[in-house]
Amino acid sequence: MANYGNGLETKAKILSACRELFYTRGFAKTTFKDIGRMADVNQGLIVYYYKTKNVLANTVFQDVMIEMMGRIERDFAGEDTLTRFFISDFLYFRLLYEDAHFRDFIEACCLNGVLAKDPASLQEGYRRYYDAIIDFFDDEYIQDSTLREGLLAVFDGMKDTYSLHICRNYERLPVDVAVTDYITIYSHLMNIPSETYGAKMLQAELLTNQVEVSVDRFRFQIRQAR
């Protein structure tokens, strides 16, 4: 039991160091040596627990998304599933626009294939949310079962590709346009009727405009706008 507890403590220290270093120094410039020094752990333990820097970045990213999903579930509990899903899109892309450190991290992750949906890498909280969304689209909007796997595969990679596009073009594309374009694209892909996604997208935008969002050191924060 003691060894198990020590292992959890070591992993927590490693991830805490990664959040600080990935955020302030950037993913590319952070080394295992840097992480080991800040976490005060042997570099061999970093490799033992996380194998590669990509796995560490994937874990940090999923932690942020799980925190965001949890807050959406609590703060917007009265909204339906699709509206909450659109809320997550608005908040995620606002982070890309409003936080240069987060934007740089996501761009590096996209370029390194960090955010790919490898089922073996999904944490329980992220998997639960991801599976629920896939099941929702499958039950509600994907009518042709022969297209299911192909559609979901395309949807799977779309956020990464679109995120990279935004990271490189955010200065010339307003955030509201970026998010509504993104939602419109995958809504068409999933055969969601325009009268359905249009109203729910507008509701999600109105709700997210009432809050402030941040992700300092990859700790997700949401609060009412002043």
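Tutor: Before we start, one definition is needed: a residue counts as exposed when its relative accessible area is over 50%, as buried when that area is under 20%, and as partly exposed in between. Please also keep in mind that the model we are looking at is predicted.

Student: Is Asp40 buried or exposed?

Tutor: Asp40 is found in the loop between α2, which covers residues 32-39, and α3, and its phi is near 60°, a positive value in a residue other than glycine. Its relative accessible area is 63%. The cut-off for that class is over 50%, and therefore Asp40 counts as exposed.

Student: Which residue caps the N-terminal end of helix α3?

Tutor: Helix α3 takes in residues 43-50, and just after this helix Lys51 has a positive phi of about 70°. At the N-terminal end of α3, a side-chain oxygen lies 2.6 Å from the backbone nitrogen of Gly44. The residue that supplies this oxygen, and caps the helix, is Asn42.

Student: How many helices and strands does the secondary structure of the chain come to?

Tutor: Reading along the sequence, you meet the pattern α-α-α-α-α-α-α-α-α-α-β-β, with the helices ahead of the strands. The secondary structure of the chain therefore comes, when each α is taken as a helix and each β as a strand in DSSP terms, to ten helices and two strands.

Student: What radius of gyration does the chain have, and why does it agree with a compact globule?

Tutor: The C-alpha atoms of the chain fill a box of roughly 55 × 45 × 30 Å along the principal axes. A compact globule of 226 residues would have a radius of gyration near 17 Å, and the value for the chain agrees with this because it comes to 18 Å.

Student: What share of the residues of the chain count as buried?

Tutor: The chain exposes about 11,500 Å², and carbon and sulfur atoms supply 51% of that area. The other side of the picture is the set of residues with relative accessible area under 20%. Of the 226 residues of the chain, the share that counts as buried is 47%.

Student: Is Phe155 buried or exposed, and which residues is Phe155 in contact with?

Tutor: Phe155 is found in helix α8, residues 148-169, and with a relative accessibility of 8% this residue counts as buried. One of its partners is Tyr186, 31 residues away in sequence but 6.9 Å away in space, C-alpha to C-alpha. If we leave aside its neighbours within four places in sequence, the residues in contact with Phe155 are Phe85, Ile134, Phe137, Tyr186, Leu189 and Met190.

Student: Where is Phe218, and what is its relative accessible area?

Tutor: Phe218 has its place in the loop between β1, residues 211-214, and β2, residues 221-224. Its phi is near 60°, which is a positive value in a residue other than glycine. Phe218 is nevertheless buried, and its relative accessible area is 0%.

Student: Which residues does Thr10 contact, leaving aside its neighbours within four places in sequence?

Tutor: Thr10 lies in helix α1, which covers residues 2-24, and its relative accessible area of 14% makes Thr10 a buried residue. Once the neighbours within four places in sequence are set aside, Thr10 is in contact with Val41, Leu45 and Tyr49.

Student: What is the length of the polar contact that joins the side chains of Lys200 and Asp80?

Tutor: Lys200 lies in helix α10, residues 194-208, and at 24% relative accessibility Lys200 counts as partly exposed. Lys200 and Asp80 are 120 residues apart in sequence, while their C-alpha atoms are 8.9 Å apart in space. Their side chains are joined by a polar contact of 3.1 Å.

Student: Which residue of helix α5 is in contact with Val175 and is buried, with a relative accessible area of 11%?

Tutor: Val175 has its place in helix α9, residues 175-189, and is partly exposed, with a relative accessible area of 27%. Leaving aside neighbours within four places in sequence, Val175 is in contact with Phe93, Arg94 and Tyr97. The one you ask about lies in helix α5, residues 81-98, and its contacts also include Thr208 and Glu212. With a relative accessible area of 11%, the buried residue is Arg94.

Methods. Residues numbered from 1 in each chain as written. Predicted model: local features only at pLDDT ≥ 70, side-chain atom pairs only at ≥ 80, totals over all residues. Heavy atoms only, no water. Helix = DSSP H or I, 4+ residues; strand = E, 2+ residues; numbered from the N terminus. Rg over C-alpha atoms; globule rule 2.2 N^0.38 Å. Buried < 20%, exposed > 50% of the residue type's maximum accessible area, 1.4 Å probe, protein only. Areas by Shrake-Rupley, 256 points an atom, 1.4 Å probe, with all protein chains shown as cover. Polar contact = N/O pair within 3.5 Å; in protein donor to acceptor, adjacent residues only side chain to side chain. Contact = heavy atoms within 4.5 Å.
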